[in-house]
Amino acid sequence: LRRCAVVFCTLTVAGRQTISAQQFPTLLVDEACQACEAETLPALCTTVQRMFLVGDPRQLPATIASPNAKKAGYGRSMFERLEL
């Protein structure tokens, strides 16, 4: 991983020690409107200097299965928060 110029992975994998221990200056999150904020945050807990959120806010909203979590406000994507 240390010699890689680009690493493609899911947001879940981006939060794992093997990835988060590396130094990646740029984070690009595809389909960012479909990921709730809590899914995006672990990827930011690295040495990221800049982040690009790519997505269409008029398509699918952040996916959350729990009605209680949605009621508590966890159903919003980071894209949606920053778009306001």
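How much space lies in the largest pocket? The volume of the largest pocket comes to about 590 Å³. The model is a predicted one, and the sections below describe its overall layout, its strands, this pocket and selected side chains.

## Overall architecture

The protein chain contains five helices and two strands. In sequence order, these elements follow the pattern α-α-β-α-β-α-α. Taken along the principal axes, the C-alpha atoms fill a box of roughly 40 × 25 × 15 Å. Of the 84 residues in the protein chain, 23% are buried.

## The strand pair and its crossover

Strand E1 (residues 26–29) and strand E2 (residues 50–53) run parallel and are joined by four bridges. Between E1 and E2 the chain passes through helix H3 (residues 37–44), and this β-α-β crossover is right-handed. One of the bridge contacts involves Thr-26, whose partner in E2 is Arg-50.

In a regular strand, side chains alternate between the two faces of the sheet. E1 shows such an alternation: Leu-27 and Val-29 point to one face and are buried, whereas Thr-26 and Leu-28 point to the other face and are not buried.

## The largest pocket

Which residues lie nearest the centre of the largest pocket? They are Val-7, Phe-8, Cys-9, Leu-27 and Leu-28, from a lining of 22 residues. Leu-27 and Leu-28 thus appear together here, although their side chains point to opposite faces of E1.

Helix H1 (11–14), E1 and H3 each contribute at least two residues to the lining of the largest pocket. E1 provides the largest share, with four residues. By residue class, the lining comprises 15 nonpolar, five polar and two charged residues.

## A loop residue with positive phi

Most residues other than glycine have a negative phi. Glu-31 departs from this pattern, with a positive phi near 55 degrees. Glu-31 is located in the loop between E1 and H3, within the connection that leads from the first strand into the crossover helix. The relative accessibility of Glu-31 is 37%, so this residue counts as partly exposed.

## The salt bridge and helix H5

Side chains of opposite charge can pair when their charged atoms come close. The model has one salt bridge. This salt bridge is formed by Glu-37 and Arg-81, with the closest N and O atoms 2.3 Å apart. The pair links distant parts of the chain, since Glu-37 belongs to helix H3 and Arg-81 to helix H5 (residues 78–83), a separation of 44 residues.

Are the two partners of this salt bridge buried or partly exposed? Glu-37 has a relative accessibility of 14% and therefore counts as buried, being under the 20% cut-off. Arg-81 has a relative accessible area of 42%, so Arg-81 is partly exposed.

Helix H5 also contains Glu-83. With a relative accessible area of 46%, Glu-83 is partly exposed, as this value lies between the 20% and 50% limits. The C-alpha atom of Glu-83 is separated by 9.1 Å from that of Pro-57, and the two residues are 26 residues apart along the chain.

Technical notes. Residues numbered from 1 in each chain as written. Predicted model: local features only at pLDDT ≥ 70, side-chain atom pairs only at ≥ 80, totals over all residues. Heavy atoms only, no water. Pairing = 2+ DSSP bridges. Right-handed = clockwise from strand over helix to strand, strands pointing away. Buried < 20%, exposed > 50% of the residue type's maximum accessible area, 1.4 Å probe, protein only. Salt bridge = Lys/Arg side-chain N within 4 Å of Asp/Glu carboxyl O. 1 Å grid on protein atoms, 1.4 Å probe; cavity = no way out; pocket = protein on both sides within 12 Å on 5 of 7 lines; lining within 4 Å. Points joined across faces, edges and corners; volume = space filled by probe spheres on them. Nonpolar A, V, L, I, M, F, W, Y, C, P; charged D, E, K, R; others polar.
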